[in-house]
Structures are given as structure tokens and as C-alpha cells.
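Work through the following exercises with the sequence and the model in view, and try each task before reading its solution.

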Amino acid sequence: MPKKSAPRFRAVLFDLFDTLVDFDPNRFPEVEINGRPERTTSRAAYDALFAAGYSLPGYPAFHVLWMENTREVWGERDRDPALREVSSRERFRRLAARLVPIPPREREPAAGVAREAHMKALIASTDFNQANLGLLGRIRGAGLRAGLLSNFDDGDTVRALLARTGLLPLLDPVLISEEAGYRKPSPRLFGLAAEGIGAAPAEILFVGDNFAADVLGARGAGMSSAWLNPKGAPVPEGSAPPDFELRRLEECLGALGLEEQRKAP
Ligand SMILES: [Mg+2]
């Protein structure tokens, strides 16, 4: 990629999961379901409900209800042409409605207990590269603005994760699909992000790992895109390539017209 003398971008927007923070569902606790090992947070939710004294079906039955509920809720969400987000509160409310042994009036607090345990297990399955703090510092030090646009169904969990990693004060705006009501690649959401960061779409570079949500979403909104593609996956058939393709997140500096810092030998 030829070096540019001056950055053409005034702002950069980042995706969160598998871009600024790594998320690995293979780190979910392993449980045995009908003799087969599975990775799931459902056991953590079950144990929390049990400890709180709720009447429950047996665990394998609970896990089946859990999976049915997730498939149903996310299926509806993914078929919605308006790209509306379904909050985790709603997903767990619907899970609790399936837990027949719990009296109806106790289902709302039970949903909260299950949701909290699930989110805790999910956070425990993330990994953060401290070098990303330096990367953001470098970007902001060069006078560029940096913000976040994340598809996630629980805004509080994202904000807690950003606070814990030290990312929170480095990102403005922080836009989360659960709070905004829409999911990437919704043009409405990208429009809100451009407004929030105070730059025209053409002046914004979007950096993310998901081709459909991040690259196509950014393109649809008139932003440039940098696809974080560490494994070198092919560009989906029928799609034009992104403006930049990155193997490592640090390479976004090149796309922004900034030099990568040399490591001391
Ligand atoms: Mg992602």
C-alpha cells in the first residue's frame, strides 16, 4: 500500500467484538448435554437461578429451552428487514416465560438473574490486547477522532467491558445496537455514528471484522472500510473488496496515513 503524506480521514469508527476485544465462545464453560460436550453459558444461568432458589426443570431440559429460545428470538431478529435489535432483557424475559415451574410473578426477576449470569460468563470469554490502548492513543494523538459502533444486545455489558479494559475514555461516541435500537448494517445506525463523531461519512474510516455488518454497512453509509481479516478469508462472492484489508488491527494506522510504531529491538 503506498504511503500517504497526510491522512485523508478525520475520524475512525471501530467495531468491538473481534476487532478491539477478542471474543471466543470456545472459552464458554463446557457442559455435557445428553452425553455430548457443549460450550454454553446456560449452565451458569441455571446455577445462578438454582442458587437464588427458583423452581427449575432439570438442567438438560433447561438447556433445550435455552437453545429453543435463542434460536427463536435471534431468528426473528435476523429476519427483520428493518434490522431492529432485540435486547437481552427481552430475550431473557422470553426465556423466563418458558420456565413453567417458576410462578409468573417471579419470572421478571428470574430473567434478570439468568441474564446477569450469562453476561458474566460471556465477559469471562473475552480477551483484551493492551496494545490496543496504545493504538487508540496514537490515533487520537494524531488529532483523529475515534468512536465505537457495536452490535450487541446489552449496552450495560459493553460499557462495563470498555471500562474494565480502559477503552471507554478513548472512544466517543460509544454506540451500541441495543441502545440505538438497530443493528449494523442499518444505515440509520451508521448515520447516528457519523453524527456522533462529528464528521462527514466520506471522512470516516470504519474498522471491523464482519464483512456484512461492518464493510457493507460502512459502504452503504458512504464511509471507507477497513476489513480486519486475520485469517485471510476471501471477499464474499459478488461483493467489491473493502478499501483496506488488515491482517492485524495495528495496520489500520497505515490506512489512516499514520506510521506504525517500530518495536524496540
Ligand atoms: Mg465484530
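**Exercise 1.** Decide whether N34 is buried or exposed, and then do the same for L83.

*Solution.* Begin with the cut-offs: a residue is buried if 20 or more other C-beta atoms, placed from the backbone, lie within 10 Å of its own, exposed if 12 or fewer, and partly exposed in between. N34 has 8 other C-beta atoms within 10 Å, and therefore N34 is exposed. L83 has 20 other C-beta atoms within 10 Å, so L83 is buried. This is a predicted model, in which local features need pLDDT of at least 70, side-chain atom pairs count only at pLDDT 80 or more, and totals for chains, interfaces and linings use all residues. Residues are numbered from 1 along each chain as its sequence is written.

**Exercise 2.** State what the phi of N34 is near, and what the phi of L83 is near.

*Solution.* Most residues other than glycine have a negative phi, and most peptide bonds are trans. Phi of N34, however, is positive, near 50°, and phi of L83 is positive as well, near 60°.

**Exercise 3.** Find which residues a cis peptide bond joins, taking first the one that involves P173 and then the one that involves P185.

*Solution.* For P173, the partner in the cis peptide bond is D172, and omega is about 10°. For P185, the partner is K184, where omega is also about 10°.
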